[in-house]
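Student: Could you take me through one part of this model closely, and then show how the rest fits around that part? I would like one connected explanation.

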Amino acid sequence: MQRRRFTIEFKQQVIQEAKEVGNAAQVARRHNINPKMLYRWIDQAEHTDWKTTDASSKAVAAYTPSPQEFRSLEGENKQLKELLGEKDLEIAVLRDLLKKQNPAYRTKLK
């Protein structure tokens with residue numbers, strides 16, 4: 001069996017059709033190609049979009065905070081974790097009280 005080669009234009013056309021239809025397997029059958037090949041073309045097209053994007057757009061997508069912003073975010077994260085721990089403890093205490101007051105709830109609560 002001889003290997004077929006497809007032009008870039010054909011690949012782009014099939015990828016666009018698959019995106020419009022929303023069913024890549026159906027489009028692959030229509031063009032007599034393996035669905036796995038079409039999925040691979042779609043993945044490669046998505047990755048080439050990132051490669052061809054200019055550096056200024058990538059800089060916005062890959063934002064890193066300054067050391068001062070990072071410290072403030074760490075402080076906020078620590079504060080939120082402590083608050084979450086307090087709430088979990090409060091819920092556990094309330095569940096214990098409820099179990100003691102009404103034994104029928106023992107099976108419904110975890």
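Student: Which residues does His31 touch, not counting residues up to four places away in sequence?

Tutor: Happy to. Please keep in mind that this is a predicted model. Leaving out residues up to four places away in sequence, His31 touches Phe10, Val14 and Glu17. His31 itself sits in the loop between α2 and α3. With a relative accessibility of 22%, His31 counts as partly exposed, because the cut-off for buried is under 20%. One of its partners, Val14, is 17 residues away along the chain, and the C-alpha atoms of His31 and Val14 are separated by 8.2 Å.

Let us turn to the helix that carries Val14. Helix α1 covers residues 8–21. Its 14 residues should span 20 Å at 1.5 Å a residue, and its end C-alpha atoms are indeed 20 Å apart, so the expected and modelled spans agree. The buried residues of α1 are Val14, Ile15, Glu17 and Ala18. These four are on the same side of α1, because they cover an arc of only 160 degrees around the axis. Two of the residues that His31 touches, Val14 and Glu17, are therefore among the buried residues of this helix. On the other side of α1 you will find Ile8, Glu9, Gln12, Lys19 and Glu20, which are exposed. Just after the helix, Gly22 takes a positive phi of about 90 degrees.

Glu17 deserves a second look. Besides being touched by His31, Glu17 forms a salt bridge with Arg30, and the closest N and O atoms of that pair are 2.1 Å apart. The pair links distant parts of the chain, with Glu17 in helix α1 and Arg30 in helix α2 (residues 24–30), 13 residues apart. The two ends of the bridge fall into separate accessibility classes: Glu17 has a relative accessible area of 16%, so Glu17 is buried, whereas Arg30 is at 46% and so counts as partly exposed.

Staying with the loop between α2 and α3, Asn32 also lies there, and α3 itself covers 35–52. Asn32 has a positive phi of about 55 degrees although it is not a glycine. Its relative accessible area is 60%, so Asn32 counts as exposed. His31, in the same loop, is partly exposed.

Now for the wider setting. The chain has 5 helices and 0 strands, and from the N terminus on its elements run α-α-α-α-α. Of its 110 residues, 11% count as buried. Among the contacts with a separation of 6 or more, 27% are between residues 24 or more positions apart. The chain exposes about 9,900 Å², and carbon and sulfur atoms supply 54% of that area.

The Glu17 and Arg30 pair also has a counterpart to set beside it, as the structure holds 2 salt bridges. Lys87 forms a salt bridge with Glu90, with the closest N and O atoms 4.0 Å apart. Here both residues lie in helix α5, 3 residues apart, which is about one turn of the helix. Lys87 has a relative accessibility of 44% and so counts as partly exposed, and Glu90 is partly exposed too, with a relative accessible area of 43%.

Helix α5 covers residues 67–101, and Leu94 is found in it. Leu94 belongs to a nonpolar surface patch together with Leu89, Val93 and Leu97, and the four have about 380 Å² of accessible area together.

To come back to your starting point: His31 reaches from the loop between α2 and α3 to Phe10, Val14 and Glu17, and Glu17 is in turn joined by a salt bridge to Arg30.

Terms used:
Residues are numbered from 1 along each chain as its sequence is written. This is a predicted model: local features need pLDDT of at least 70, side-chain atom pairs count only at pLDDT 80 or more; totals for chains, interfaces and linings use all residues. Side-chain values use heavy atoms; hydrogens and water are left out. Helices (H or I, at least four residues) and strands (E, at least two) are DSSP runs, numbered from the N terminus. Buried means under 20% relative accessible area, exposed over 50%, partly exposed in between (1.4 Å probe, protein chains only). Contact means heavy atoms within 4.5 Å. Accessible areas come from the Shrake-Rupley method with a 1.4 Å probe; for residues, only the protein chains shown count as cover. The expected span of a helix is 1.5 Å times one less than its number of residues. The arc is that of the directions from the helix axis to the C-beta atoms. Patches are made of residues with over 30% relative accessible area and no salt bridge: like charges are joined within 9 Å, nonpolar side chains (Val, Leu, Ile, Met, Phe, Trp, Tyr) within 5 Å. A salt bridge is a side-chain nitrogen of Lys or Arg within 4 Å of a carboxyl oxygen of Asp or Glu.
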